[in-house]
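Q: Got a minute to go through this structure with me? I'd like to start with the rings and see where we end up.

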Amino acid sequence: MQLKQLIINIQIQLMIANMVILMLLSIIKPYLSCQPYVEEWLIIISFIFSRIKYLIQRLVFHNYSYKINQKKLTQSSKKKYIQMSISNKARGFISVYFGPMFSGKSTSLLNDILKYESEQKKVLVVGFAHDNRYSDEAEIVTHQHKKHHAVKCFELKEIEQQYKNYDVIAIDEGQFFLDIADKCDQYANDGKIVIVAALDATFQRKAFNQVLNLIPVAEKVIKLRGKCSSCEEDSSFSSRKIKSNLIELIGGEDLYEPLCRSCFLAKQSKQEELDQEDNSSDGTSGCYQEGQDQVQFAKNPNGENIDNEESNNSTNETISEVAEQIKIKS
């Protein structure tokens with residue numbers, strides 16, 4: 001800005017000087033008839049001043065245009081760099097498989113892992129450290145016993161340095177990681193493809209820890225369904241077979257079963273009736289202590305424990321009957 005003002009001042013001074021020369025030329029012209037070369041010199045001086053003014057104008061215009069172009073170029077380069085940085089990071093996204101037990105979440109996750117590995121992408125598979133239902137090794141295992149090597153941890157912050165070296169982060173049993181939403185969002189913002197398989201609800205049909213916080217930050221959310229163990233309809237809920245209020249109780253078919261809405265409500269209603277009977281009678285059910293977990297066992301009239309399989313079958317028959325009544329009413 002100061003240079004521009006300086007050049008303008010010089011231009012004004014040159015214009016004034018040029019006008020003064022022309023005025024002097026017009027005044028002294030009558031007296032120069034006897035001096036043949038004076039007029040020519042004045043004309044030459046006037047011409048030189050005009051050319052200097054023109055050159056300065058060109059110089060000012062060139063410098064000013066150059067600075068403007070450089071500024072535009074710099075801004076454009078910065079904008080392009082920012083856009084490239086954003087586009088590079090925007091490659092990341094989050095895909096989530098939700099569903100009840102036995103709905104194929106881990107199988108879908110494993111299929112995606114194999115797909116990305118076939119595309120020559122580096123995949124980091126993460127499993128929960130307490131999940132050793134089918135294997136004590138560092139691997140994830142589906143209910144059909146399909147396996148894949150994995151890193152086991154309790155919190156995702158434990159892989160803070162490892163994940164940067166991979167293209168894809170695949171997380172099984174995501175409901176157990178309390179930092180699941182924040183860390184998956186971080187991975188995706190860093191350009192990673194993130195795939196999560198998780199229960200969306202507990203056996204009480206309540207949100208499982210922080211896992212539902214994934215929904216607002218995920219690009220793709222799929223709710224899978226299995227087969228109801230009582231009526232073979234599509235199942236949407238997980239039901240616990242034993243009496244326990246623990247949220248983190250890892251198990252398979254020995255502890256859980258998939259149920260549809262009708263069968264779930266029927267079982268819930270039946271359980272409430274049994275609880276009321278237990279509260280109103282003394283010593284009608286036996287229990288044993290396993291850690292901090294109490295498990296109820298049914299007893300026959302003779303006081304003997306009913307076989308688990310026989311008890312489950314009778315319970316399923318009762319559930320099916322109540323479910324049929326609920327369907328007829330609805």
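Q: How many aromatic pairs does a search of the whole structure find?
A: Six turn up, counting rings of Phe, Tyr and Trp (its six-membered ring) whose centres lie within 6.5 Å; planes under 30 degrees apart are stacked, over 60 edge-to-face and the rest tilted. Keep in mind that this is a predicted model, where local features need pLDDT of at least 70, side-chain atom pairs count only at pLDDT 80 or more, and totals for chains, interfaces and linings use all residues. Residues are numbered from 1 along each chain as its sequence is written, and side-chain values use heavy atoms, with hydrogens and water left out.

Q: What sort of pair do phenylalanine 128 and phenylalanine 177 form?
A: An edge-to-face one, 5.5 Å centre to centre with 90° between the planes. Phenylalanine 128 is in strand β2 and phenylalanine 177 is in the loop between β6 (168–171) and α4 (180–189), so the pair ties together parts 49 residues apart in sequence. For those labels, helices (H or I, at least four residues) and strands (E, at least two) are DSSP runs numbered from the N terminus.

Q: Are phenylalanine 128 and phenylalanine 177 buried or exposed?
A: Both are buried, where buried means under 20% relative accessible area, exposed over 50% and partly exposed in between (1.4 Å probe, protein chains only).

Q: And tyrosine 163 with tyrosine 187, why is that pair called tilted?
A: Because their planes sit at 40°, with the ring centres 4.5 Å apart. Tyrosine 163 is in the loop between β5 (151–153) and β6, and tyrosine 187 is in helix α4, so this pair ties together parts 24 residues apart in sequence. Tyrosine 163 counts as buried at 1% relative accessibility, and tyrosine 187 is buried at 0%.

Q: Which rings are linked into a cluster?
A: Phe128, Phe154, Phe176, Phe177 and Phe208, through ring pairs.

Q: What about charges, what sits over the ring of phenylalanine 203?
A: The charged end of arginine 240, 3.9 Å from the ring centre. The rule is NZ of Lys or CZ of Arg within 6 Å of the ring centre and within 35 degrees of the ring normal. Lysine 115 also lies over a ring face, that of tyrosine 116, at 4.5 Å from the centre.

Q: Back to α4, which residues there are buried?
A: Ile180, Ala181, Lys183, Cys184, Tyr187 and Ala188. In general, an α-helix has 3.6 residues a turn, so residues three or four places apart point the same way. Just after α4, glycine 191 takes a positive phi of about 90°.

Q: Which residues have a positive phi although they're not glycines?
A: Histidine 145 is one of them, at about 65°, in the loop between β3 and β4 (147–149). Glutamate 232 has a phi of about 70° and is found in the loop between β9 (226–227) and β10 (234–235). Glutamate 232 counts as exposed, at 54% relative accessibility.

Q: Switching to cysteines, how many disulfides are there?
A: Zero, taking a disulfide as a pair of cysteine sulfur atoms within 2.5 Å. The sulfur of cysteine 263 has its closest cysteine sulfur in cysteine 260, 3.6 Å away, which is too far for a bond.

Q: Is cysteine 263 buried or exposed?
A: Buried, at 0% relative accessibility. Cysteine 184 is buried at 0% too, while cysteine 231, at 24%, counts as partly exposed. Cysteine 231 is in the loop between β9 and β10, and its C-alpha is 9.3 Å from that of serine 262, 31 residues apart along the chain.

Q: How many cavities of 30 Å³ or more are there?
A: Two, a cavity being a set of points on a 1 Å grid over the protein atoms alone where a 1.4 Å probe fits but cannot get out, with lining residues having an atom within 4 Å of a point. Points are joined across faces, edges and corners, and a volume is the space filled by probe spheres set on them. The largest holds about 160 Å³.

Q: What lines the largest cavity?
A: There are 17 lining residues, and the closest to its centre are Met101, Leu199, Phe208, Leu249 and Tyr256.

Q: And the volume of the second largest cavity, what's that?
A: About 90 Å³. Its lining includes Phe128, Arg133 and Lys152, and β3 gives the largest share, three residues.

Terms used: On a 1 Å grid over the protein atoms alone, a cavity is a set of points where a 1.4 Å probe fits but cannot get out, and a pocket is an open set with protein on both sides within 12 Å along at least five of seven lines; lining residues have an atom within 4 Å of a point.
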